[in-house]
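Colleague: I have not looked at this one before. Can you walk me through it?

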Amino acid sequence: MTKAGQSTITITKNLAAPAANTASAAGLLKILVATQATGSAVQWADASVSAEAGASKSKQPYWVTLSDTQTKIYDANAVVRYLYRIWALPQEERFSIEQLLEWEEKTLCGIPTDKEVETVVSSAEPKIAAIRAKGDNSSVSAVDAVLFGSLYYALSNAKNNTLSKYPALQKWYSQLVSSEAIVSVLPVYSANVVSVLVRAEATAENRKVNGSVALDLNPSGIVLPKEGEKNVLITSALPYVNNVPHLGNIIGSTLSADVFARYSRARGNNTLYICGTDEYGTTTEIKAFEENLTCQELCDKYHALHKDVYDWFNLSFDYFGRTTTEKQTEIVQSIFLKCYENGYISEDITEQPFCETCSRFLADRFVEGTCPKCGYEDARGDQCDGCGGVYNATELINPRCKIDNSTPVVRDSKHLFLDLDKLQPRCEEFIRKASSEGVWSANGLAITNNWLKKGMQPRCITRDLKWGVPIPLDGFDKKVFYVWFDACIGYPSITANYTDQWEKWWKNPENVKLYQFMGKDNVLFHTIVFPSTEIATGDEWTLLHHISSCEYLNYESGKFSKSRGVGVFGNNARDTGVPSDVWRYYLLSCRPETSDTLFTWNDFVARNNSELLANLGNFCNRVVKFLDANTKYAGVLPAPDLSRIAPGADTPDRRLTDDVNVLVARYIEQMDAVHIRSGLRTAMDISARGNLYLQESRLDNSLFSDQRAQCDTVLAVAANLIYLLGALLHPFMPITSASIARQLNAPERIITDTFELELGAGHVIAQAEYLFTRIDEKKIDEWRAKFSGAPGEADAKDSKPKKDKKSKKDKANPATSAVSS
């Protein structure tokens, strides 16, 4: 069928021209091909000036009016049916055509022709083959017009190796596209649609990235110190296995250390991050007794729980171990024997609470009573939770056994002491040097100096317990090392479980810098006790270089309390459904670096919505979506006008570059000094500066159409700034950083000293992803109620301490809290 019947139609253009990859554009091409093939005439009208069209409320980009009846038709296939007079054809022929048009409408039109080319052509191949097998292929039929309109975008942009797999379709297309009818309408079609670029697939092959900035996130093999490089050894305080870590524990040590470890790696430093669970001691025995488990069973349970929490928070330990290992026993005993042989261990008799009902000495956590310093009624045997004071267990007022609540008696027990008084001069020399070179945190240095002023005294390093490292001396077979003596030794022993070459890290002071992270209650052990123990061995240990100690993170109006269900613990954070990166961001943005800080749900939600979503998320999404649009760049990064970003240029692009370089220098200075909260704020300032740059540059469709060269520069600069931001934010929000790299189709990158254009012209990005989602403010009250504890419950351990006039002075040989946060 060549010409079914000549007609005259009017195509009225309404709204904006359709994009070439849309169904509207395909419909327009169907109509144009059909009019030419049937010898029909086409007139054009504009709805904005046409009086008859003005009354229409159509949202379509065009419609067709039949001249003979003035009927408006909005469906392209209906226009084709009209032009070819399909209703007048023999029933069998009409039925065959309608079957094909129905398939086109229901199946072919449902496949995105710009994204699933292979699916489109593979679906059409058998239909086209069947059409060609029926006979006359010399003219353009109604089916040809419809299928050509639907398939044109996909076929005109398909690669030759794709079409060659479908011979019937390829031959049909080649014949039609060179036919007189279609050759004559394609220029008209092109003039009335918006050109759409073909979206290339984002692959490693079409990257244009400076390879020297790629960050290797998964190095193979064991990490060992390297000659001539900066070797950084990082530890975070070993968490006790007797409970689930709460947000204060996490920000106080493990998360803060993780941020610095990620930053150190991103700066190209050879970095090892070690942590693990602290598993020996009284608290383990008590918790095991309460849960009716053996100590080993309890440790296994809580070690796995801790590991699960830290995995969810994406903590990048090179090795997360534990202290209940043969290596721990071996290294602790070796260190002790060297201290003993060098004359820094002494014996003495101490008075210890003894429970006659249990027939056992009560180590510190097995006895409770009233604090001799402040009157707090539920003070532990070694330290008061009310005032933080330390003392001997025998100083407790009204002591009671934690197991059976009976009143203990005082008996003598022989113990071993580390003679810290003999080590004070060498310890002070170490502190003066390390605190200056390593720039210790202010509170860490203040706490250390306060202890030095009091004078270092011999400290008991043994306890009457079963669960601990055995003492390798005759006469002490029923005792173990006290946890504060062996817990810090867990750092080298955990490293020894990671590699037999652990001494290359721990006995290499000339080539390794040791950074340690903890809460302020653990400073003493890391700045005085552990270094003094290392000094006492006579070995050349890698001593502390920098200490980063946090104050306390409080919850809403008080403390975190597991017993009352108050506050958010590690597993609770995951249960909220809020991504771990948002939790990381919030905790780090209120990290208690210089004073106590407060977690509040109002602030948590506000920071997500106003900082992450409105600042960072908006900047990245706006740029990537603009680049991704098929009507603009189709994912291909344009070439910038380098004169606009050259030094001295008076342009928004150069001003942005200068401002960002100042901020990057500040960020590096802050992070090198372990001012983590400040570093995060500076990174977010760079994001805010990027948003301002887009506003100053007026990035929109008009800039693209009217000032293309300037638009190209803005997009090239902004995309590269996002790439830099991904690196700067990697230490804080690793999943977000990975998403940015994925969207940019680039490897995650190192942190460089300056802002450079590392993504080159022609680089193909991937498609946009949402970095963050808005949190409904209704969740504030829901979460606050959920984590506020049961109404009316009281927790004596969190009550306000009571003053007691009978308080005694602290004795010289207190038993202190274990090395955990």
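Modeller: What follows goes through confidence, cores, empty space and a few single residues.

Colleague: Start with confidence. What is the mean pLDDT of the chain?

Modeller: This is a predicted model. The mean pLDDT of the chain is 90, and 93% of its residues reach 70 or more.

Colleague: Where does pLDDT stay under 50?

Modeller: Over residues 791-821. For that stretch the model has 103 contacts beyond four places in sequence.

Colleague: On to the inside. Which residues touch the most other members in the largest nonpolar core?

Modeller: F313, W583, F599, W601 and F604, out of 171 residues in that core. Helix α26, residues 708-729, gives the most to this core, with 14 residues.

Colleague: What else is there apart from that core?

Modeller: Another core, of 61 residues, lies apart from it. Among its residues are W103, W172, V185 and L186. As a general point, nonpolar side chains in soluble globular proteins tend to be buried together.

Colleague: Back to F599. What does F599 touch, not counting residues up to four places away in sequence?

Modeller: The list for F599 is L247, L553, N554, Y555, E556, V568, W583, Y586 and F604. Two of those, W583 and Y586, are among the buried residues of α20.

Colleague: How many residues of helix α20 are buried?

Modeller: 10 of its 10, so to speak of α20 (residues 580-589) as mostly covered is fair. The buried residues in α20 include S580, D581 and R584 as well as V582, L587 and L588.

Colleague: Now empty space. How many cavities of 30 Å³ or more does a search of the whole structure find?

Modeller: The search finds 2. The second largest cavity has a volume of about 40 Å³.

Colleague: Which residues line the second largest cavity?

Modeller: Y723, G726, A727, S737, I740, A741, E748 and R749. The elements that give two or more residues to this lining are α26 and α27. By type, the lining of the second largest cavity divides into 4 nonpolar, 2 polar and 2 charged residues.

Colleague: And pockets? How much space lies in the second largest pocket?

Modeller: About 800 Å³. Of the 30 residues that line the second largest pocket, D216, L217, N218, P219 and R265 are the closest to its centre. Two or more lining residues come from each of α9 (247-266), β6 (270-277) and α27 (734-743).

Colleague: How do the residues of that pocket's lining divide?

Modeller: For the second largest pocket, into 13 nonpolar, 10 polar and 7 charged.

Colleague: Single residues next. Is N398 buried or exposed?

Modeller: N398 has a relative accessibility of 59%, which is over 50%, so N398 counts as exposed. N398 lies in strand β12, residues 397-401. Leaving out residues up to four places away in sequence, N398 touches E368, G369 and T370. The C-alpha atoms of N398 and E377 are separated by 9.0 Å, with their positions 21 residues apart along the chain.

Colleague: Where is A41 found?

Modeller: In strand β2, residues 41-46. A41 is partly exposed because its relative accessible area is 36%, between the 20% and 50% limits. Beyond its neighbours within four places in sequence, A41 is in contact with S7, T8 and I9. The C-alpha atoms of A41 and F336, 295 residues apart along the chain, are separated by 102 Å.

Colleague: And A37, buried or exposed?

Modeller: A37 counts as buried, because its relative accessibility is 8%, under the 20% limit. A37 has its place in helix α1, residues 23-38. From A37 to L418, 381 residues apart along the chain, the C-alpha atoms are separated by 102 Å.

Colleague: Last topic, backbone angles. What is phi of N314?

Modeller: Near 60°, a positive value in a residue other than glycine. N314 is in the loop between α11 (295-312) and β7 (319-322). With a relative accessible area of 24%, N314 is partly exposed.

Colleague: What about A634?

Modeller: A634 is not a glycine, yet has a positive phi of about 50°. A634 is found in the loop between α21 (601-628) and α22 (642-645). A634 is buried, with a relative accessible area of 1%.

Note on methods
Residues are numbered from 1 along each chain as its sequence is written. This is a predicted model: local features need pLDDT of at least 70, side-chain atom pairs count only at pLDDT 80 or more; totals for chains, interfaces and linings use all residues. Side-chain values use heavy atoms; hydrogens and water are left out. On a 1 Å grid over the protein atoms alone, a cavity is a set of points where a 1.4 Å probe fits but cannot get out, and a pocket is an open set with protein on both sides within 12 Å along at least five of seven lines; lining residues have an atom within 4 Å of a point. Grid points are joined across faces, edges and corners, and a volume is the space filled by probe spheres set on the points. Helices (H or I, at least four residues) and strands (E, at least two) are DSSP runs, numbered from the N terminus. Ala, Val, Leu, Ile, Met, Phe, Trp, Tyr, Cys and Pro count as nonpolar, Asp, Glu, Lys and Arg as charged, and the others, Gly among them, as polar. A nonpolar core is a set of buried Ala, Val, Leu, Ile, Met, Phe, Trp, Tyr and Cys residues joined through side-chain atoms within 4.5 Å. Buried means under 20% relative accessible area, exposed over 50%, partly exposed in between (1.4 Å probe, protein chains only). Contact means heavy atoms within 4.5 Å. pLDDT is the predictor's confidence in each residue, from 0 to 100.
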